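Open the model in your viewer and keep the sequence panel in sight. We will make a few stops, then step back for the whole chain.

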Amino acid sequence: MGAAFKKFCLRFCCCCCCEDDEEEEEKTPLLSHDTLEYFDREAKKRRDQETNLWNEPGDPSHSERDDDRTLYNLLQTRAQTRRGSQGYRRLSIDIEAMRDMRREVRDKWKMILENLGFMAEAESLLTVSATASYDRMRNAAVARSLLQTLHTETSIFNRKEAPPERYLFILDRLIYLDAAEDFVAKARRFYPPKDDDDEEEEENTSQINLPLLLSRMNQNISGGEDEDDEGETTGPEE
């Protein structure tokens, strides 16, 4: 339908001869299928980061650190295990235990940030995306030095394991905001280092036994799918 004829219809006709074209235009999606898929992938990455709190957020394979690799393998094994089986429930419990330990560290950081006055900004400051890059850091060397200080002079992290790299990016932001030194001072005050006896006791009660988890994974791969379904599923479904 020509543009001149459309104008004529709109000006002189009582019928709506242009409705069909307008309806077709309205039905045309504003975003292409590829664009929607891209946004969906990005949303899944954000949920994955928020749920699992990967210690190496920039590692898409989740294989550079032992703890990340163990958690990733548990998730992959559970995805191949029959939902509701005993093996599935065991894997869910182990996965949630690892996530809880990571959330506990994050909660410590959030408490200190809020104590420093970042009540509204704490969540944003603690959010690290999968696209985090060392090249984009403004003060990488200073941030790493402060991370090491937190690792050795406070009880925020498990001192027997390397500190999570995700907090390197958060410290870089705090340096830019001129709040990093205050954060470290608060961390020393609220979470002083524990003596060896306290650390050993806490390790015995709460630390994840990675070799045991790997052994359970192998058992579930070989026999988890054949187990009978007993009771309700206690672990998360994602």
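Start by selecting glutamate 56. This is a predicted model, and in it glutamate 56 is buried yet has no salt bridge. Which side chain of opposite charge is nearest? Select arginine 65: it is 5.2 Å away. A salt bridge needs the two charged groups within 4 Å.

Now find where you are along the chain. Glutamate 56 lies in a loop, with helix H3 (33-52) before it and helix H4 (66-79) after it.

Next, show what touches glutamate 56. Leave out its neighbours within four places in sequence. The contacts are then Glu64, Arg65, Asp68, Tyr134 and Glu165.

Move on to isoleucine 156. Its place is also a loop, the one between helix H7 (140-153) and helix H8 (166-176). Is isoleucine 156 buried or exposed? Its relative accessibility is 1%, so isoleucine 156 counts as buried. The cut-off for buried is under 20%.

Select alanine 187 as well. In sequence, isoleucine 156 and alanine 187 are 31 residues apart. In space, their C-alpha atoms are 7.5 Å apart. Alanine 187 is one of the contacts of isoleucine 156 beyond four places in sequence. Add the others: Val105, Lys108, Trp109, Ile112, Leu150 and Tyr191.

Finally, zoom out and colour by secondary structure. You should see 11 helices and 0 strands. Of the 238 residues in the chain, 34% are buried. Switch on the surface: the chain exposes about 14900 Å², and carbon and sulfur atoms supply 48% of that area. Last, consider contacts between residues at least 6 apart in sequence: 71% of them join residues at least 24 apart.

Technical notes:
Residues are numbered from 1 along each chain as its sequence is written. This is a predicted model: local features need pLDDT of at least 70, side-chain atom pairs count only at pLDDT 80 or more; totals for chains, interfaces and linings use all residues. Side-chain values use heavy atoms; hydrogens and water are left out. Helices (H or I, at least four residues) and strands (E, at least two) are DSSP runs, numbered from the N terminus. Buried means under 20% relative accessible area, exposed over 50%, partly exposed in between (1.4 Å probe, protein chains only). Lys and Arg count as positive and Asp and Glu as negative; His and the chain ends are not counted. Contact means heavy atoms within 4.5 Å. Accessible areas come from the Shrake-Rupley method with a 1.4 Å probe; for residues, only the protein chains shown count as cover.
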